[in-house]
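Thanks for coming. Please have the sequence and the 3D view open while I talk.

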Amino acid sequence: MSGPHLRDFKRIVFFTGAGMSAESGVPTYRGAGGIWKEYDYRRYACQEAFVRDPAAVWEFHNYRRGLVAACSPNRGHHIVARAGQRSARVTVVTQNIDGLHALAGSREILELHGNLWRVRCDTCRVKQQDGHVIREQLRCDGCGGWWRPDIVWFGDMLSEPILDAAQAAIEECDLFVSIGTSAVSPRG
Ligand SMILES: [Zn+2]
């Protein structure tokens with residue numbers, strides 16, 4: 001049997017969501033109870049909560065970082081990354097914030113909901129990549145404002161440049177593959 005193969009396509013977009021991360025053991029918001037029982041994540045993943053109590057919101061996100069740090073890319077991440085190493089131009093558009101696509105070796109990644117391993121200053125907006133599992137430095141070196149995770153929380157807007165780039169990639173592609181997504185889009 002010879003069906004279509006990834007190498008038959010020139011421009012591929014992989015659109016990935018929570019199900020992709022779940023395969024690696026990253027906890028998702030779906031499913032009642034579980035590890036989110038101890039945190040009402042909606043309360044700890046919004047700007048209002050951050051303004052009220054940044055340290056508590058960081059405690060929650062450091063906890064999330066610890067959970068994600070224990071996870072590795074799965075077979076799906078590797079297949080996506082390998083497709084990008086061949087002749088096709090591959091863009092990963094993802095709702096996931098765990099950074100596992102990059103870890104697997106994908107290069108062109110559009111993270112619709114940001115990245116758990118990047119912070120931005122809530123005051124001056126400067127961004128910083130963060131290799132530490134536990135974020136201890138909570139104040140911006142430049143202006144003294146609070147660092148916050150550079151992820152899209154409940155009530156946050158999606159980044160327009162990222163959305164535009166994702167839309168352009170999807171319009172140009174000759175193969176669109178959706179993995180682990182659903183109509184409902186939980187945010188970080
Ligand atoms: Zn700052």
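I will go through the metal site, then the cores, then a few single residues.

One caution before the tour: this is a predicted model.

Let's start with the metal. Which residues are the protein donors of the zinc ion? They are Cys 121, Cys 124, Cys 140 and Cys 143, each through its SG atom, and they lie 2.3 to 2.4 Å from the zinc ion. The angles among the four donor atoms run from 95 to 119 degrees, and the site is tetrahedral. For reference, the ideal angle for four tetrahedral donors is 109.5 degrees.

If you look for the donors in the sequence, the spacing to find is C-x2-C-x15-C-x2-C. One pair in that pattern links distant parts of the chain: Cys 121 is in strand β4, residues 114–121, while Cys 140 is in the loop between β5 and β6, 19 residues apart.

UniProt, in an unreviewed entry, places the feature "binding site" at Cys 121, Cys 124, Cys 140 and Cys 143. These residues span 23 residues in sequence, yet no two of their C-alpha atoms are more than 8.6 Å apart, so they gather at one spot.

Now, how covered are these cysteines? Cys 121 has 0% relative accessibility, so it counts as buried. Cys 140, at 5%, is also on the buried side, because the cut-off is under 20%. Cys 143 has a relative accessible area of 39%, which means partly exposed. Cys 143 is found in the loop between β5 and β6.

What does Cys 140 touch, not counting residues up to four places away in sequence? The list is Cys 121, Cys 124, Val 126, Gly 145 and Trp 147. For Cys 143, with neighbours within four places left aside, the contacts are Cys 121, Thr 123 and Cys 124.

In the loop between β4 and β5 you will find Arg 125. Its phi is near 75 degrees, a positive value in a residue other than glycine. Most residues other than glycine have a negative phi. Arg 125 is partly exposed, with a relative accessible area of 47%.

Next, the cores. How many residues are in the largest nonpolar core? There are 23, and those with the most contacts inside this core are Trp 58, Leu 116, Trp 147 and Trp 153. Helices α3 (47–52) and α4 (54–69) and strands β4 and β6 each supply at least two residues of this core. Apart from this core lies another, of nine residues, among them Ile 12, Met 20, Val 92 and Leu 175.

Pick out Trp 58 in your view. Leaving aside neighbours within four places in sequence, Trp 58 is in contact with Phe 50, Arg 65, Val 119, Arg 135, Leu 138, Trp 147, Arg 148 and Pro 149.

Helix α4 also holds Gly 66. The C-alpha atom of Gly 66 is separated by 6.1 Å from that of Val 133, although the two residues are 67 residues apart along the chain. Gly 66 is partly exposed, at 31% relative accessible area.

Now to His 113, in the loop between β3 (109–111) and β4. The UniProt annotation "active site", from an unreviewed entry, covers this residue. Is His 113 buried or exposed? His 113 is buried, with a relative accessible area of 2%.

His 113 also turns up among the contacts of Asp 150. Asp 150 lies in strand β6 and is buried, at 4% relative accessible area. Not counting neighbours within four places in sequence, Asp 150 is in contact with His 113, Gly 114, Asn 115, Arg 118, Val 119, Arg 120 and Lys 127. With one of these, Arg 120, there is a polar contact of 2.5 Å between the side chains.

The last residue is another histidine, His 77, in helix α5, residues 75–85. His 77 has 0% relative accessibility, so it counts as buried. Beyond residues up to four places away in sequence, His 77 touches Met 20, Ser 24, Leu 100, His 101 and Ala 104. Met 20 is a residue you have already heard, as one of the nine in the other core.

To close, go back to the zinc ion and find its four cysteine donors again. Then follow strand β4 to Cys 121, and strand β6 to Asp 150. That is the end of the tour.

How values were computed. Residues numbered from 1 in each chain as written. Predicted model: local features only at pLDDT ≥ 70, side-chain atom pairs only at ≥ 80, totals over all residues. Heavy atoms only, no water. Donors = N, O, S within 2.8 Å, 3.2 Å for Na, K, Ca; no water. Tetrahedral: all angles 85-135°; square planar, octahedral: opposite > 155°, others 65-115°. Helix = DSSP H or I, 4+ residues; strand = E, 2+ residues; numbered from the N terminus. Buried < 20%, exposed > 50% of the residue type's maximum accessible area, 1.4 Å probe, protein only. Core = buried A, V, L, I, M, F, W, Y, C linked by side-chain atoms within 4.5 Å. Contact = heavy atoms within 4.5 Å. Polar contact = N/O pair within 3.5 Å; in protein donor to acceptor, adjacent residues only side chain to side chain. UniProt positions renumbered as here; feature names shortened; annotations may be inferred.
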